[in-house]
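These are my notebook entries on a single chain, written as I looked up its sheets, its surface and its charged pairs. I begin with the strands and then turn to the side chains.

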Amino acid sequence: MTEQVPFTDVYVDDTIVERVVETVESRRYVKGPRVEKLEARFADTCDTDHAVGVSSGTAALYLTMKAAGIGPGDDVLVPAHTFFATVSPVVELDANPVFVDVDPQTYTMSGTDLADKAEDADDPKAVVPVHLYGQPAAMDAIHSVANAHDLAVIEDSCQAHGATYRGDPTGSLGDAGCFSFYPSKNMTVAGDGGILVTDDADLARTARELRNHGRDDEGNHVRVGLNHRMNETSAAAGIEQLSHLADWNADRAAAAERYYERLDDVAAVELPMQMDDATHVYHLFVVQVPDRDGLRAHLDEQGIQTGVHYDPPVHRTPAMRDALDEIPSLPVTEELSKRIVSLPMHPRITDEEIDRVAAEIRGYYE
C-alpha cells in the first residue's frame with residue numbers, strides 16, 4: 001500500500017495536552033485568564049494595542065465589520081478569490097459585496113481594479129484585503145484607494161499569521177485585522193477559534209461587547225449581541241501553539257524553497273510569486289497547472305493529498321449568485337479558479353515527501 005503524503009498536519013505535544021487538562025480541571029471554561037493571556041500575546045505578535053479572542057475567524061470578520069459600523073446598503077469591496085467567510089459577513093450585515101479582481105501573480109487584491117470598483121461604487125464604506133495563502137496583499141495600493149474614498153481597511157489575515165509587509169506584521173496594516181485558528185492554519189486552538197486585533201480602542205471595546213451578548217464591563221446589555229466568545233481550553237492550546245509560530249513559519253518557508261528548487265524547471269507548473277517587500281508564511285503552497293483534474297487524480301493514486309483553494313470563486317457560489325443582482329466580470333479570478341492546485345504543506349513535511357511530490361508532478365508532465 002502506498003504511503004500517504006498528507007496535505008496538512010496538526011501539532012499536538014504533551015505540553016499542549018497538559019495545559020488543556022489543567023484548564024478542564026480548573027473548571028473555569030469561559031471569560032478567564034487564559035483568553036486574556038492569549039489576547040495579550042497575540043496583540044504583541046501583531047504589534048497592536050488590542051486583541052479580542054472570539055469563536056472563529058468568521059466571527060472575527062463579522063464582529064469587526066459590525067463594530068466598524070458596516071450595515072445595510074454599505075458597499076464593501078472584497079476579492080472573490082478567497083474563502084467564503086471573507087464575504088458572508090458582509091451579506092449577513094445586509095451590506096453589498098463589491099467584488100474586486102486579483103493580481104495574476106500574487107493572487108491578492110488588484111489595486112488597479114480596486115480603484116475602478118471604488119470609483120463606481122454607490123456608497124463605499126470598507127475594503128477587505130485578503131492576505132491569501134500566507135502572502136500579504138499589496139497594502140500601499142490598497143491604502144491609496146482607501147484614503148481617497150475614506151474606506152475602513154479590515155484585513156482578512158486568516159491565512160497569514162506572522163506574515164509581514166514592508167516589515168510590519170499583518171493585522172497592523174489596516175484599521176483592524178482578523179485571524180482564524182481553524183486546525184489547518186499556521187497555528188490553532190485545537191478546534192475553531194479566531195481573534196481580531198486593532199489599535200482602535202473604541203472598535204475593540206465594541207467588539208468585546210458584541211461577542212458577549214452586548215454586555216459592557218459592568219454586565220449591562222448596552223447593545224444587541226450574540227455569543228461569539230472564545231473558551232478557556234481553546235486559549236490554553238493557543239498560547240502554546242503561538243509559542244511555536246515563528247519556528248513553524250520558518251519551516252514552511254524552507255519547505256516552499258525546496259518546492260521551488262524541485263519544480264522550477266517543470267514548464268507546465270507555474271509556481272507562486274514571492275513579493276520582495278513581504279514575508280510569505282505559506283499557509284498554502286499553490287501552483288497553477290493546465291490540467292488540474294488529471295494531475296490531482298494521478299497524485300491521489302500515488303497517495304499524495306492535494307486541495308483546491310478555491311473553485312468556484314465566491315461570486316459564483318450558489319448562495320452568492322442568489323444574493324447578487326448580476327454576476328461581475330472578474331477575468332483573472334475566473335482563470336485562476338480553473339488552474340490552481342494546492343500541494344501538501346505544513347511545518348513537519350519532510351524533504352523526502354516534497355521530493356516525492358515533485359517527482360510525481362515531473363513524471364506526470366514528462
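Before reading the sheets I noted the rule that two strands pair if DSSP finds at least two bridges between them. I also keep in mind that this is a predicted model.

**Entry: the sheet of three strands**

With that rule I looked up the sheet that runs in the order E7-E6-E10, and I found it to be open, with 3 strands and antiparallel pairing. Strand E7 (168–169) and strand E10 (278–279) stand at its edges, each with a single partner strand, so one side of each has no neighbour in the sheet. I then checked how strand E6 (residues 164–165) is held to E10, and I count 2 bridges between these antiparallel strands. Within this pairing I located Thr 164 opposite Thr 279 of E10.

**Entry: the sheet of seven strands**

Next I traced the open sheet whose order is E1-E9-E8-E5-E4-E2-E3, where 7 strands take part and the pairing is mixed. Its edge strands are E1 (50–54) and E3 (96–100), each of which pairs on one side only. From one strand to the next, I note an average twist of 25 degrees. Helix H2 (residues 33–46) packs on this sheet and touches E1, strand E8 (176–180) and strand E9 (194–198), its direction making about 125 degrees with that of E1. Helix H7 (residues 201–211) also packs on the sheet and touches E1, E8 and E9, but its direction makes about 15 degrees with that of E1.

I looked further at strand E4 (residues 124–127) and strand E5 (residues 152–156), which run parallel and are joined by 2 bridges. Here the bridge partner of Val 127 is Val 153 in E5.

**Entry: a nonpolar patch**

Which residues make the nonpolar surface patch of about 310 Å²? I find Val 10, Val 12, Val 17 and Val 21 there. Of these I followed Val 21, which is found in helix H1 (residues 14–26). Its relative accessible area is 38%, and because buried means under 20% and exposed over 50%, I enter Val 21 as partly exposed.

**Entry: salt bridges**

Side chains of opposite charge can pair when their charged atoms come close. My count of salt bridges comes to 22, and I looked up a few of them.

Arg 19 forms a salt bridge with Glu 18, where the closest N and O atoms are 3.9 Å apart. Arg 19 is partly exposed at 30% relative accessibility, and Glu 18 is likewise partly exposed, at 42%. Glu 240 also forms a salt bridge with Arg 19, with 3.5 Å between the closest N and O atoms. This pair links distant parts of the chain, since Glu 240 is in helix H8 (residues 232–263) and Arg 19 in helix H1, 221 residues apart. I enter Glu 240 as buried, with a relative accessible area of 17%.

Asp 74 and Lys 125 form another salt bridge, their closest N and O atoms being 3.6 Å apart. Asp 74 lies in the loop between helix H3 (57–67) and strand E2 (75–79), whereas Lys 125 is in strand E4, and the two are 51 residues apart. Is Asp 74 buried or exposed? It is buried, with a relative accessible area of 10%, while Lys 125 counts as partly exposed at 30%.

Last, I noted a network of salt bridges that links Arg 258, Glu 261, Arg 262, Asp 351 and Asp 355.

Notes. Residues are numbered from 1 along each chain as its sequence is written. This is a predicted model: local features need pLDDT of at least 70, side-chain atom pairs count only at pLDDT 80 or more; totals for chains, interfaces and linings use all residues. Side-chain values use heavy atoms; hydrogens and water are left out. Helices (H or I, at least four residues) and strands (E, at least two) are DSSP runs, numbered from the N terminus. Axes are lines fitted to C-alpha atoms, for helices over the stretch in contact, and angles run from 0 to 180 degrees between N-to-C directions. Contact means heavy atoms within 4.5 Å. Patches are made of residues with over 30% relative accessible area and no salt bridge: like charges are joined within 9 Å, nonpolar side chains (Val, Leu, Ile, Met, Phe, Trp, Tyr) within 5 Å. Accessible areas come from the Shrake-Rupley method with a 1.4 Å probe; for residues, only the protein chains shown count as cover. A salt bridge is a side-chain nitrogen of Lys or Arg within 4 Å of a carboxyl oxygen of Asp or Glu. Buried means under 20% relative accessible area, exposed over 50%, partly exposed in between (1.4 Å probe, protein chains only).
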